[in-house]
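Student: Hey, I'm new to this one. Can you walk me through it?
Tutor: Sure, here it is.
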Amino acid sequence: MSKKMTITTKILIGMAMGLITGSLINAFAHDISFIQNYLVNGLFHVIGAAFVNALKMLVVPLVTFSLVCGVCGIGDVAVLGRVGIKAFSLYIATTGLAISLALIVAILIAPGQGFEQTAGTMSFTPNPAPPLTDVFINIIPGNPINAFAEGNMLQIIFFVIIFAIAMLMSGEAGRQLADTAEKLNVVMMKVVTLVMDFAPIGVFFLIAKTFSIEGISLILPMIGYFSVVILCLLLHGFGTFSLLLLIFARLNPWVFIKKMRPAHLFAFSTASSNATIPVTLQAVEKRLGVDNSTAAFTVPLGATINMDGTAIMQGVATVFIANVYGIDLAVSDYLTVVGMSILASIGTAGVPGVGLIMLAMVFNQVGLPVEGIGLILGVDRILDMVRTAVNITGDATVTCIVARSEQNLDDQIFQDPDAGIITEVELPHKNKHAFNK
Ligand code: ASP
């Protein structure tokens, strides 16, 4: 217990110190080139980026081994399809709830009305968003090695599932391979905990760099937009998810939130659902008690296709920019925003800042000026951190609901405050694959 508290507390201390250091640099030393060159863009950048790379390094092998074990654990293609359909529908439904909530709150509060464009509109040139038809075609990797090399999560998930199903159908050869995958999975989990030991330091440098550049004061002119996004993120993160957990998974949301804390801290610090996959997986399996056979599938899928926090930002940003430019949106425009946000969150990966690319797509569709995104650019990084934490909370919530419906959730682990202490590694071998059943 004390050990677990120590690592979480250490990460929190790292974050707080990073925030203070970064904000101080931004306030008092933003024009001292020595500090900018050697500290912010030197030390902070190098260690922070190295830490994010260390996290990303885990993602592809961990998802691969874990997903092979997951599919072999399910052992039945029909069950796999059922879990897939449940997870997919719930991801769409929660994103729909998120964007609707954001639109309603933003229309009621109306941020941006009377906003003076004194903050200086930064120009924004959007990267082209992928055409949605391609998104679906490209789920099937033309070259799986390429998919692995590029870390294309949807393609990796697709290939690994097909491969693991083939393993199930291959008798003794498949069984031996599944044994090996299970061992590799245990070792990979150990690598995760090794990397996490460096989390407090990594997090300090990441946050220090972000706040040195962004600075807290940047938020002030944008306070209206910023607070409405944060309000909606909190309402969805604590309200919607808690209700869903209570009703559909019969789980205590408070325990859930406490146990998700390490994953939240990582998501916040890295602003990337993808880079947080290893930590989310560990939290969901070892702390919340979800069986690997569900989590290995739903967590990486969620990190790729489920972005409730991002959808919330898009909803509020749409209303905000429409207000700033004095453009009236019709009900049909709002419905378009709902549809586009859902599709856009399926089509883009969970990496920092991707929400803005998707926002350009939404704006184009409803005829809002895309350069308006320049207005919200300044505060986007900080909002990105918070919305990424909401994104992964959505992944974990849906995972728990699906696991409960599949009787794949261990209440004893969920209730045990000591379960899944991050520095202790043993992966329970309860998820033996179907060959051994
Ligand atoms: N950073 C977010 C994520 O990885 C995506 C975004 O909103 O930009 O989940």
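Student: How far is an oxygen atom of the ligand from an N or O atom in the side chain of Arg-387?
Tutor: That distance is 2.5 Å, a polar contact, meaning a pair of N or O atoms within 3.5 Å. This is a predicted model, where local features need pLDDT of at least 70, side-chain atom pairs count only at pLDDT 80 or more, and totals for chains, interfaces and linings use all residues. Residues are numbered from 1 along each chain as its sequence is written, and side-chain values use heavy atoms, with hydrogens and water left out.

Student: Is the ligand buried or exposed?
Tutor: Buried: alone it exposes 270 Å², and the protein buries 100% of that (accessible areas by Shrake-Rupley, 1.4 Å probe).

Student: Which residues come nearest to the ligand?
Tutor: Of the 14 around the ligand, Ser-273, Thr-310, Gly-355, Asp-384 and Arg-387 do; being near takes a heavy atom within 4 Å. Ser-273 puts a polar side-chain atom 2.4 Å from a ligand oxygen, while Gly-355 has a backbone N or O atom 2.7 Å from one.

Student: Which helix gives the most to that shell?
Tutor: α17, with four residues. Helices here are DSSP runs (H or I, at least four residues), numbered from the N terminus.

Student: New topic: what's the average pLDDT?
Tutor: The chain averages 85, and 89% of the residues score at least 70; pLDDT is the predictor's confidence in each residue, from 0 to 100. Over residues 118–122 it's below 50, and that stretch has six contacts beyond near neighbours in sequence (contact means heavy atoms within 4.5 Å). Where pLDDT is low, don't read the predicted coordinates in detail.

Technical notes: Polar contact = N/O pair within 3.5 Å; in protein donor to acceptor, adjacent residues only side chain to side chain. Helix = DSSP H or I, 4+ residues; strand = E, 2+ residues; numbered from the N terminus.
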